[in-house]
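This report goes through a protein complex, from its strands and helices to the contact between its chains. Look at the sequence and the structure before reading on.

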Amino acid sequence: MTAPSHDWQLTAVSYGYSAERLAVRDVSLAMRAGTLTALVGPNGAGKSTVLALLLGHLVPTAGSVTFGSREVSAWPRRALARQVGVVPQHETPAFALTVREVVAMGRYPHLGLLAAEQDDDRAAIERALARCNLLTLRDRPMDALSGGEQQRARLARAMAQEPAAYVLDEPTAGLDCAHEMALFEHARTLCAGGATVVLVTHHVNLAARYADRVALLSAGSLLAAGPPRDVLTAERCSGVFQWPITIHPHPGAGHDAGAPQLVPLARSGAPTRASLS
Amino acid sequence: MIVGVRVGAVGMTTMDVLAALAGRGDATSRTIIVGLRLPRVAQAALAGAALALSGATLQALFRNPLADPYTLGVSSGASVGAVAAITLGLAQRSVYAVPACALAGALLTVAVVLRLAAMAGRTFDTKVLLLAGVIVGTFCHALVMLVLSFSDVESFRSAIFWMMGSHAGAGWTSVTALGLTLVVGGAAVVAMARPLNALALGERTASSLGVNVRVATWTAIVASASLAAASVAASGVIAFVGLVAPHLVRLRCGNDYRTLLPFSALAGATLMVVADTTARVAFAPSELPIGVVTALIGVPLFLHLLLRRGARA
């Protein structure tokens, strides 16, 4: 990781799928190496659009998105893929590959069209399989795996790319709580290795416990960005999610002690059940 | 292949074949072997390989196990070209007329399909491409029927015969043309094995793995269309091989395109030679349409493998 910089910088970025409705409006945000930035916000806030802009799938209609020293759109795809690994929300492959084949695809950006895998490629694949606990599943076809295992395989594929930055798009969608925790801990480990990590999630509470910075989006605009306890206030969250929310400090004793946790309240007059006794 | 060369309406022994290949033996055997059977077997093998490669490539591109050279409307386009050549009498003037018109028809169809998808603003949306392919294919089929309804009896027979698909017309000229296309197109798709693996997962994923989706998609489309068109131009419309050969390999060897493509080519060639040989000898001296044989051999085999895999899983 001796690259001079693998930070993202969004400067006054707007993007509109149509002229009158902007999906992202005037967003300025920096994502720095060694930090985990979580993009949170209600459905339709523009989180996925920001991700697509970070990856160059979309080109901003105004403003600029740079990665390292260049505009994202100026990066050749292969060169960018050597720098940025992506864990997609979901994938619907037409044909099931084995876990090892999927993880090996992480080496594609490092290989020429006809070049064979070398020792260092195989080593990177083995490391990624080991770190994601997939060694015993390596020859299983993907469609025989549970949702959590499939997601681990996609994470391992991104790790095999040995990139300087990671983008995780709702990586915990549909996973049970143990897999969720494990995935966030993996993301933390990647940061500790110096990587820039950007994560989109609906799990505001997990983001508050694991992310260095939280960027709260609403209706295409960036409402606040910074350390979780500064961004996630009861008033702001209640406004953004349009629901009464209070904030409690996380009771755990670890690194996340005191992290702000959103607790949505029952609305007055809502249908109720007999109270717990 | 040796068996394919040996077996035929006129009885031959393996020794006759080897003798003819070595340039000895009696003149009649030599003519039958070198002039008729060898090019026919060669053409069947090459066409089978080309269709299988084309089918495997299109399956990745469309992310659809049912995609094959016919999905893009290639065969229908080629039929229009060939039937037009036959009924307009061009076929009598030059032996190259039918293959040339078929090839032109196939490539024109692909161009129209891509243009339609581009006009819908979704060039790389595989659903739009698939739909455009089906629609253009149907339109071409209607054109063929229209042309045929105005043609004389002799042209009609000849066109129908071509549309059923056959390797009977094989000669060294068509074999050479098909072989050259197979070498170029086959090299192109084999070199694309990794991008195809990535594309099979989706365009966004492919892009995040460093694949230039635009370039890869175009290369795959042009290569697979040329392979299918060359095969159709040489031997007419033979359905099923392009769909089934890759699937047979998928069931055996998995879905990694680096192994899938070469083995699909082999499977396609084998399937086609077996089918053609069967078509020639089953009711010799009269011949069956090869499409009937490919379906009769292939469908039960495919179902068997599919059901066995289902039982294991």
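A residue is called buried if 20 or more other C-beta atoms lie within 10 Å of its own. The structure discussed here is a predicted model.

Chain A

Strand 3 (residues 36-40) of chain A is mostly covered, with five of its five residues buried. Its two faces are both covered: Leu36(A), Ala38(A) and Val40(A) lie on one side, Thr37(A) and Leu39(A) lie on the other, and all of them are buried.

Strand 3 of chain A pairs with strand 8 (residues 196-200) of chain A and also with strand 9 (residues 213-218) of chain A. In the pairing with strand 8 of chain A, Thr37(A) stands opposite Val198(A). In the pairing with strand 9 of chain A, Ala38(A) is opposite Val214(A).

Strand 1 (residues 8-16) of chain A pairs with strand 2 (residues 22-31) of chain A and with strand 4 (residues 62-67) of chain A. A hairpin of five residues connects strand 1 of chain A to strand 2 of chain A. Leu10(A) faces Leu29(A) in strand 2 of chain A, and Thr11(A) faces Ser64(A) in strand 4 of chain A.

The table lists these pairings.

| Strands of chain A | Sense | Bridges |
|---|---|---|
| Strand 1 and strand 2 | antiparallel | six bridges |
| Strand 1 and strand 4 | antiparallel | five bridges |
| Strand 3 and strand 8 | parallel | four bridges |
| Strand 3 and strand 9 | parallel | four bridges |

Chain B

The secondary structure of chain B consists of 15 helices and zero strands. Chain B has 313 residues, and 51% of them count as buried. Of the contacts in chain B between residues at least 6 apart in sequence, 73% join residues at least 24 apart.

Helix 6 (residues 97-119) of chain B allows a check on length. At 1.5 Å a residue, its 23 residues should span 33 Å, and the end C-alpha atoms are 32 Å apart, so the two values agree. Among the buried residues of helix 6 of chain B are Val98(B), Cys101(B), Leu103(B), Ala106(B), Val110(B), Val113(B) and Leu114(B).

In soluble globular proteins, nonpolar side chains tend to be buried together. In this model, the largest nonpolar core has 175 residues, and the members that touch the most others are Ala50(B) and Ala229(B). Helix 3 (residues 27-61) of chain B gives the largest share of this core, 16 residues. Leaving out residues up to four places away in sequence, Ala50(B) touches Leu178(B), Thr181(B), Leu182(B), Leu227(B), Ala228(B), Ala230(B) and Ser231(B).

Contact between the chains

How many residues of chain A are in contact with chain B? There are 21 such residues in chain A, and they contact 23 residues of chain B. On the side of chain A that touches chain B, the largest share, four residues, comes from helix 2 (residues 77-83) of chain A. By type, the residues of this side of chain A are 14 nonpolar, two polar and five charged.

Confidence

The predictor gives the complex an ipTM of 0.84 and a pTM of 0.83. The average pLDDT of chain B is 79, and 82% of the residues score at least 70. Within chain B, the lowest confidence is in helix 1 (residues 2-6), with a mean of 46, and the highest is in helix 10 (residues 193-199), at 90. Over residues 1-11 of chain B, pLDDT stays under 50, and the model has 25 contacts beyond four places in sequence for these residues.

Methods:
Residues numbered from 1 in each chain as written. Chains lettered and ligands numbered in written order. Predicted model: local features only at pLDDT ≥ 70, side-chain atom pairs only at ≥ 80, totals over all residues. Expected span 1.5 Å × (residues − 1). Buried ≥ 20, exposed ≤ 12 C-beta atoms within 10 Å, placed from the backbone. pLDDT = per-residue confidence, 0-100. Contact = placed C-beta atoms within 7 Å. Pairing = 2+ DSSP bridges. Nonpolar A, V, L, I, M, F, W, Y, C, P; charged D, E, K, R; others polar. Core = buried A, V, L, I, M, F, W, Y, C linked by C-beta atoms within 7 Å.
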